[in-house]
Amino acid sequence: MNAPHIVPRVSRRGESLGTENAFVVLAEVNDLVRQGRDIVSFCIGQPDFPTPENVQDAAIAAIRAGKHGYTPSAGIDELREAAARDMGKRRGLDIVPEEVVIAAGAKPFIAYTIASVTDYGAGDEVIYPVPGFPIYESQILANGAVPVHLHLREARDFAFDPHELESQITPKTRLLILNSPHNPTGGSLKRADLEAIAEILRMHPQIWVFADEIYSRLLYDGEFVSLASLEGMRDRTIISDGASKTWAMTGWRIGFIANKTLAPVFTRWITNTESCASQISQWAAVEAINGPQGAAEAMRRSFLERRDLIAWHNVTEACKMTGCADSEEFRKRLLVEAGVAVLADIHFGRRVPGDGQHIRFSYAASPDAIRSGIARLDAFVRRGRTAGR
């Protein structure tokens, strides 16, 4: 008699692990493209620029030089030195290489940080922005901590009220996640905001800060300011940055952080998980940071042009005009009926009460694609308005 096919259960942690819906929607887009549909996609932040040639050449040179093996888990000295110098210069800080750790992208440091400063099942709380990068909440839950959302409000240019932050802090708060410039809204924390945040945090010395500053070179309005540069904040702030956005190196998977106390802990996490980032990618990143910056500046100018065309849009009225119950129904119909792929606000956390319905356009697409997508969106809404008369 054949034994029954029994599959052991998946853990609660595995079942509850969230995802990044940009990749889910991308799969939907690819399925429609395979069916022959013409789709304009704004669902994933994938720059349409190639990695600069000098960076590609550095990777090829590393391959030819036999740099194929493991590196120290914290990264090669040359990249740690370059990243320390680059991060320090942009933040007005003296960052030393020993504080810097390299990983396979900046994303792993979200999990490493939460796992390093909270204890599983102890009720430790992590405050994070909503809307926000969906991996924040996913990793808070996976690591057995308690998610506490902090609303970014349209009326404040998608920043949060520091007084609301103060009201969310409890004796159980262990970590605050800040993301500026912000994904997905494009908002940023100004110096006055950060000074107010720092003043609050000085009264709560038990709280670490994860400063997700991966878009630090892509701030278009005003000065970039890091919380780490303010009095008393340096030692408790984990500065997170990387190569993906600035140099169109998403697939090379290079991220780096700086924090003196946690650098050895992060290094041990990397030893336990990925061993080290790709040596070839690390040498490419050295050239990206140290080499000519003309290509990066050209990309930045193009991104600004695109940002001015689209970003994070309020579609409350458009939902009414098209008979859509909410932004998610609007997103689905926009994809199927108009061939435009976007993300809905719920893909970035709970909707902010009173702020209506929003969709996110990634402006990594070309200006021509953006104009085409907006024209399709306009026609879709106009059709819905006409049908509703």
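This text walks through one helix, the pocket beside that helix, and a small sheet in a predicted model.

The helix is α4, residues 77-91. Its 15 residues, at 1.5 Å a residue, should span 21 Å, and the end C-alpha atoms are 21 Å apart, so the expected and the modelled lengths agree. Just after α4, Gly-92 takes a positive phi of about 65°.

An α-helix has 3.6 residues a turn, so residues three or four places apart point the same way. In α4 the buried residues are Leu-79, Arg-80, Ala-82, Ala-83, Ala-84, Asp-86, Met-87, Gly-88 and Arg-91. These buried residues pack against three strands, β2 (100-103), β7 (237-242) and β8 (255-258), and against the helix α10.

Helix α4 also takes part in lining the second largest pocket, which has a volume of about 150 Å³. The lining consists of Ala-82, Arg-85, Asp-86, Lys-89, Arg-90, Arg-217, Ile-289 and Asn-290. Five of these residues come from α4, the largest share, while α10 (279-290) is the other helix that supplies at least two. By class, five lining residues are charged, two are nonpolar and one is polar. Ala-82 and Asp-86 belong to this lining and are also buried residues of α4.

A separate topic is an open sheet of three strands, in the order β9-β12-β11, with antiparallel pairing. Its edge strands, β9 (312-314) and β11 (343-344), each pair on one side only. Strand β9 is joined by three bridges to β12, residues 358-360. One bridge partner pair is Asn-314 and His-358, the latter in β12.

Technical notes
Residues numbered from 1 in each chain as written. Predicted model: local features only at pLDDT ≥ 70, side-chain atom pairs only at ≥ 80, totals over all residues. Heavy atoms only, no water. 1 Å grid on protein atoms, 1.4 Å probe; cavity = no way out; pocket = protein on both sides within 12 Å on 5 of 7 lines; lining within 4 Å. Points joined across faces, edges and corners; volume = space filled by probe spheres on them. Helix = DSSP H or I, 4+ residues; strand = E, 2+ residues; numbered from the N terminus. Nonpolar A, V, L, I, M, F, W, Y, C, P; charged D, E, K, R; others polar. Expected span 1.5 Å × (residues − 1). Buried < 20%, exposed > 50% of the residue type's maximum accessible area, 1.4 Å probe, protein only. Contact = heavy atoms within 4.5 Å. Pairing = 2+ DSSP bridges.
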